[in-house]
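Let's take a walk through this protein together. Have the sequence and the model side by side as you read.

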Amino acid sequence: MAAEAVDILATVGGNDPAAHDHGVCVETLLNRARRSFDEKGMKLTSLRLRVLEEIAASHDAMGAYDVLERLSQKSGGRMAPISVYRAIDALQQAGLVHRLESRNAYFACHAPHTSRQRHMALVCETCAGVTEVAVSSLHATIEAACRTQGFELRSAVAEAFGVCATCQASPTHASTEGRSS
Ligand SMILES: [Zn+2]
Ligand SMILES: [Zn+2]
Ligand SMILES: [Zn+2]
């Protein structure tokens with residue numbers, strides 16, 4: 001593993017299963033989930049675990065409805081949406097899953113960080129993979145801007161959309177580059 005820049009929380013770029021061993025991502029996340037729930041005195045119930053496994057199956061953000069559909073298909077019965085929503089809430093509290101606000105979807109967090117630590121989601125429009133990057137200075141700028149307006153800031157969302165490094169390196173990317181310019 002190469003040394004990473006301090007600010008980079010998650011370095012997995014792209015969603016191509018061939019580009020990295022996603023089994024390692026999932027294994028690491030599940031181990032962290034067990035620890036995280038323990039530390040918070042919360043229970044990693046089998047439903048929470050199954051919901052986490054669905055969301056973590058890829059680096060994509062997934063809607064709650066899709067999670068519900070997949071789990072229902074697997075269990076062969078209709079599940080109550082509220083139980084899935086509650087499981088997602090618990091996973092968010094434990095810092096294992098984040099909400100992609102602009103898409104109303106959820107993605108697995110593959111790099112531990114405190115909830116107070118500001119981060120930005122980089123969303124690849126080609127492979128749909130989500131990567132997190134720490135952006136404390138960006139949030140400082142937002143806070144300062146709000147102060148100039150006497151605005152009481154409660155939350156701010158930093159989500160960026162574009163093409164991840166893996167997708168840029170793929171042969172199909174070069175052929176579509178510049179099509180809109
Ligand atoms: Zn990508
Ligand atoms: Zn992965
Ligand atoms: Zn995270």
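**Starting at a helix end**

Right after α5 comes G150, with a positive phi near 60°. Helices here are DSSP runs of H or I of at least four residues, strands are runs of E of at least two, and both are numbered from the N terminus. This is a predicted model, in which local features need pLDDT of at least 70 and side-chain atom pairs count only at pLDDT 80 or more, while totals for chains, interfaces and linings use all residues. Residues are numbered from 1 along each chain as its sequence is written, and chains are lettered from A and ligands numbered from 1 in the order in which they are written.

Back to α5 itself, residues 136–148. With 13 residues at 1.5 Å each, it should span 18 Å (1.5 Å times one less than the number of residues), and its end C-alpha atoms sit 19 Å apart, which agrees. None of those 13 residues is buried, so α5 lies largely in the open. Buried means that 20 or more other C-beta atoms, placed from the backbone, lie within 10 Å of a residue's own.

Zooming out, the protein has 7 helices and 5 strands, running α-α-α-α-β-β-β-β-α-β-α-α along the sequence. Of its 181 residues, 27% count as buried.

Now for the inside. The largest nonpolar core (buried Ala, Val, Leu, Ile, Met, Phe, Trp, Tyr and Cys joined through C-beta atoms within 7 Å) holds 33 residues, and I55, L91, L96 and V97 touch the most other members. Helix α4 (81–93) is among the elements giving two or more residues to this core, and its 5 residues are the largest share.

Key: A residue is buried if 20 or more other C-beta atoms lie within 10 Å of its own, exposed if 12 or fewer, and partly exposed in between; C-beta atoms are placed from the backbone.
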